Amino acid sequence: MRTAYQLILVVAASLHFAVGGSSSTSIIDTDTNEIPTFNDDKEARSSDYANYFSAYDDLYHQKVMLTDHNRMKAYHDAIMKNKDLFKDKVVLDVGSGSGILAVWAAKAGAKRVYAIEYTNMANHAKNVVKANGVEDVVKVIQGAAEDVSLPLQEEDWDFFCGEDQSQKSEECKGDQKVVDIIVSEWMGYFLLRESMLDSVISIRDKFLKKSGLMFPSHASMLISPIATEKYRQEVEQDYSDAMTSWNEYLERAQLEYGVDMSVLNDKYLKEQKQYYLMSGHWLQLEAETVLSTPVVVKTLDMATCTLDDAKGVEEVPFDFSITMDDTDTNNIDKDARHVSGIGAWFTVDFKSRTDDIGKVHAPDVEIPVHLSTGPEVGGELHTS
Ligand SMILES: C[S@@+](CC[C@H](N)C(=O)[O-])C[C@H]1O[C@@H](n2cnc3c(N)ncnc32)[C@H](O)[C@@H]1O
């Protein structure tokens with residue numbers, strides 16, 4: 001779920017930050033490298049529902065996304081300024097939510113849009129589709145993307161057969177790769193936090209044509225040292241308060257209940273330290289907080305990325321250079337130039353395919369669009 005801002009890792013005593021291992025909470029089964037689909041597994045379904053999907057059932061949470069102007073403008077521009085790509089095409093909207101991207105795709109001229117949404121928001125999407133007069137084009141399908149089959153009916157084969165419409169043949173009726181464009185807003189905090197990328201990859205591999213486009217088409221994860229001393233000190237104070245409160249409790253437990261609980265000290269201290277000082281925090285960062293040119297720690301080509309790519313960031317070497325201008329007596333608030341943490345955010349692009357197959361077979365995106373969730377856009381984004 002995305003409600004806010006960039007991720008920062010606050011620096012406690014010393015700067016220690018490594019990009020390595022898996023930073024996302026991937027749902028890939030690490031033994032088999034498979035995406036666990038629900039496949040009638042009621043336990044998996046209810047656990048995913050409780051932990052993730054339930055928030056998307058509420059219009060309140062959908063509204064947070066719908067009122068995120070930078071996000072909305074990027075998707076709107078990408079679709080509406082590239083109408084020629086959508087004209088008479090088959091589009092799949094993965095994780096359709098309220099259905100807005102599907103409605104835009106239909107308005108851009110798609111001849112069929114499949115809008116897949118797991119939660120009951122699918123019912124609202126149906127109403128939105130109808131209210132906007134595109135119900136003949138947009139088919140809302142409620143279900144987990146990994147489980148869904150497209151309702152490819154006999155009369156639809158005119159839409160689907162072959163890379164080019166002339167090759168209608170019996171064999172192509174078995175072909176599931178009928179989709180020209182997949183649109184999806186799958187990104188979470190620091191891109192991968194939400195783990196929805198797994199679902200998008202699975203849908204892509206099942207339904208996207210060789211010449212198909214992914215919207216967005218590319219994604220990057222960036223980091224930079226940042227100066228947010230006030231916030232860092234607040235976090236340290238919270239940690240200190242949590243420990244003071246624990247110590248007060250220990251005293252009370254002894255005095256009032258006659259029980260010595262101090263044996264739990266180390267465990268409590270470790271937990272709190274982990275929570276306050278060693279975990280990421282979600283924060284809205286201003287551009288001035290960024291101390292160095294950001295480093296890209298991962299890029300994803302959405303046409304070719306794999307489930308392994310969805311797991312996190314591999315170990316990458318990087319250097320930051322931070323200038324401390326001691327001669328600038330006008331403006332130097334030295335504390336403001338201390339490294340308080342590492343900021344992390346992402347960007348996505350809607351542009352032409354850059355992989356070998358795509359460069360040959362896919363249409364060009366004439367009007368590319370860039371969406372950044374970084375501090376340089378004023379920290380106003382709600383897509384983390
Ligand atoms: C970030 S929201 C985007 C909603 C909408 N597309 C928009 O841009 O406003 C992601 C949506 O995808 C849905 N979703 C996530 N994973 C899914 C999956 N595996 N199958 C179907 N829907 C999924 C969520 O329930 C949520 O409504």
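**View 1. Helix α8 packs its buried residues against β2, β5 and β6.** What you see is a predicted model, in which local features need pLDDT of at least 70, side-chain atom pairs count only at pLDDT 80 or more, and totals for chains, interfaces and linings use all residues. Numbering starts from 1 along each chain, following the sequence as written. Helices (H or I, at least four residues) and strands (E, at least two) are DSSP runs, numbered from the N terminus. Buried is a matter of counting: 20 or more other C-beta atoms within 10 Å of a residue's own make it buried, 12 or fewer make it exposed, and anything in between is partly exposed, with C-beta atoms placed from the backbone. Nine of the 11 residues of α8 pass that test, so the helix is largely enclosed by the rest of the structure. Among them are L197, S199, I203 and F207. The helix, residues 197-207, lies across β2, β5 and β6 and runs at about 160 degrees to β2. Such angles run from 0 to 180 degrees between N-to-C directions, using lines fitted to C-alpha atoms (for helices, over the stretch in contact).

**View 2. Five parallel strands make an open sheet.** Their order is β4-β3-β2-β5-β6. β4 (138-142) and β6 (208-215) sit at the edges with a single partner strand each, so one side of each has no neighbour in the sheet. Neighbouring strands are turned by 20 degrees against each other on average, ignoring direction. Two strands count as paired once DSSP finds at least two bridges between them. β2 shares five bridges with β3, and four join β2 (residues 90-94) to β5 (residues 179-184). Look for L92 in β2: it stands opposite Y114 in β3 and opposite I182 in β5.

**View 3. Strand β3 is mostly covered.** Six of its six residues are buried. R112, Y114 and I116 point one way, while V113, A115 and E117 point the other.

**View 4. The largest nonpolar core holds 81 residues.** A nonpolar core here is a set of buried Ala, Val, Leu, Ile, Met, Phe, Trp, Tyr and Cys residues joined through C-beta atoms within 7 Å. V91, A105 and I182 have the most contacts inside this one, and α5 gives the largest share, seven residues. Two residues are in contact if their C-beta atoms, placed from the backbone, lie within 7 Å. Setting aside neighbours within four places in sequence, V91 touches F86, A105, A110, V113, V179, D180, I181 and V183 by that rule.

**View 5. The ligand has 21 residues around it.** A residue joins this shell if its C-beta atom, placed from the backbone, lies within 6 Å of the molecule. Y56, G95, G97, A145 and S199 are the closest. α1 (42-56), α2 (59-66), α5 (100-107) and β3 (112-117) each supply at least two residues.

**View 6. Two loop residues have an unusual backbone, and there is a cis bond too.** Most residues other than glycine have a negative phi, and most peptide bonds are trans. D88, in the loop between α4 (83-86) and β2, has a positive phi of about 60 degrees; F190, in the loop between β5 and α8, has one of about 45 degrees. D88 is exposed, with 12 other C-beta atoms within 10 Å, whereas F190 counts as buried, with 27. The cis peptide bond joins F215 and P216, with omega about 5 degrees.
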